[in-house]
Amino acid sequence: MYITLLLASLFMLFSTLAPHLPGKHWLIRVWEFPRLQLFVLILLCMTGWFFMTMTHPFAAVVMIMALALAGIYQAIWILPYTALWPKQVNQVSKVDDNCTLSILTSNVYMYNDNYEGLKTLVRQYQPDMLILLESNQAWQDAMSSIHSDYPHRLACPLENLYGMHLYSKLPFKGEQIRYIVEDDVPSMEVQIDISGTQVTVYFLHPKPPSPTENESAAPRDTELAIIGKEMAEHKDPVIVSGDLNDVAWSPSTRRFRKLSKAQDPRVGRGFYNTFHAKYPMVRWPLDHIFHSRDFDMVKVERLPGYGSDHFPLFAQLQLTKKR
């Protein structure tokens, strides 16, 4: 028991310090994701050491102190995404339908064939814009039945898990399919009109740092930084949505928010964990909605799953023209 607890505690300390090791390899950066899970495990280890104070008093005191510091450090990162933190984005008291925009973001998981599950959610929530990620030709064909409701579309079907499809009730212009960093990873950019104001909307899905994707987090971090700088240069309102393959509290997403001055409606409200849909104990927020200060929040909601490894994310914002 003592050895097991000691090894587990040392691993907790290592995983807390690991993201600060030099480099962007996935073995380093992966520990930015499970901070909530690590916080809970640290508390369990501390509880174990309290029972060891009679038999191993010195080791127990040292480990309790070290784990307490690690737990506090992990909590600092995730605390803004709890109800204990002040809300960053106001919730509107009165909805003006002429000034709202709703976006349903869904990483469909390319091999998932429950097309009707997603279409049911679309019929229920009626988003102004629907963005599919990991969508291929099969998904494009299956979603043709919603074309009458979504006459404005932008398609980039791919078989590499990075296809994208945009369906919009609102007309858009200036549409671009961009390969910002990697030649096989697209993003989309469109301009829409909300109550006479031009709004730029970005849809992103960079590759994650992982043994099956990119060994390094550098391409993802670079794409987020580029879009963050572009967002800051816009004089019109901006929204960024998609599966960023990064958690809300990571240094790279925090840098994106600093560069872009973007607002996150989840701050002070909750995690809205969208991945992994099939493993409740291993979940974190990978799908995001960020926006300029021109918007307030009507609602943000994690929707039910339909066979993908991601839950869809629904967000409705209201343009308040604060700039």
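**Side-chain contacts and backbone features of the predicted model**

Arg178 has a relative accessibility of 18%, and it is therefore classed as buried, since the limit is 20%. The structure described here is a predicted model. Glu189, at 6% relative accessibility, likewise counts as buried. The side chains of Arg178 and Glu189 form a salt bridge with an N to O distance of 2.9 Å. Arg178 belongs to strand β5 (residues 172-178) and Glu189 to strand β6, so this salt bridge ties together parts that are 11 residues apart in sequence.

A second salt bridge, at 3.0 Å from N to O, is made by Lys207 and Asp184. Lys207 is located in the loop between β7 and α7, whereas Asp184 is located in the loop between β5 and β6, so the contact ties together parts separated by 23 residues in sequence. The relative accessible area of Lys207 is 12%, which places this residue in the buried class. For Asp184 the value is 32%, and this residue is partly exposed. Elsewhere, salt bridges with shared partners join Lys24, Arg29, Glu32, Arg220, Asp221 and Asp246 into one network.

Within that network, the side chains of Asp221 and Lys24 meet at 3.1 Å, N to O. This pair links distant parts of the chain, with Asp221 in helix α7 (residues 218-233) and Lys24 in the loop between α1 and α2 (26-29), 197 residues apart. Asp221 counts as buried at 9% relative accessibility, while Lys24 counts as partly exposed at 39%. The model contains 11 salt bridges by the criterion applied.

Aromatic contacts were counted as well, giving 12 aromatic pairs. In one of them, the ring centres of Phe11 and Phe14 are 6.4 Å apart and the planes meet at 40 degrees, so the pair is tilted. Both residues lie in helix α1 (residues 2-17), three residues apart, which is about one turn of the helix. Phe11 is partly exposed, with a relative accessibility of 38%, and Phe14 is partly exposed at 43%.

Trp139 and Tyr306 form an edge-to-face pair, with 6.4 Å between centres and 70 degrees between planes. This contact links distant parts of the chain: Trp139 lies in helix α6 (residues 137-142) and Tyr306 in the loop between β10 (295-302) and β11 (313-319), with the two positions 167 residues apart. Trp139 is buried at 0% relative accessibility, and Tyr306 is buried at 4%. Ring pairs also link Phe11, Phe14 and Trp31 into a cluster.

Arginine side chains are placed over aromatic rings at two sites described here. Arg35 lies over the face of Trp77, 4.4 Å from the ring centre. Arg302 lies over the face of Phe311, at a distance of 4.2 Å from the ring centre.

Several backbone features were also noted. The peptide bond between Phe275 and His276 is cis, with omega of about 10 degrees. His276 is situated in the loop between α8 (251-260) and β9 (287-291). Leu161, although not a glycine, has a positive phi of about 80 degrees, and this residue lies in the loop between β3 (152-156) and β4 (164-168). Ser195 is also not a glycine, yet has a positive phi of about 55 degrees. Ser195 is found in the loop between β6 (187-194) and β7 (197-204), and its relative accessible area of 41% makes it partly exposed.

Note on methods
Residues are numbered from 1 along each chain as its sequence is written. Side-chain values use heavy atoms; hydrogens and water are left out. Rings of Phe, Tyr and Trp (its six-membered ring) pair if their centres lie within 6.5 Å; planes under 30 degrees apart count as stacked, over 60 as edge-to-face and the rest as tilted. Helices (H or I, at least four residues) and strands (E, at least two) are DSSP runs, numbered from the N terminus. Buried means under 20% relative accessible area, exposed over 50%, partly exposed in between (1.4 Å probe, protein chains only). A charge sits over a ring if NZ of Lys or CZ of Arg is within 6 Å of the ring centre and within 35 degrees of the ring normal. A salt bridge is a side-chain nitrogen of Lys or Arg within 4 Å of a carboxyl oxygen of Asp or Glu.
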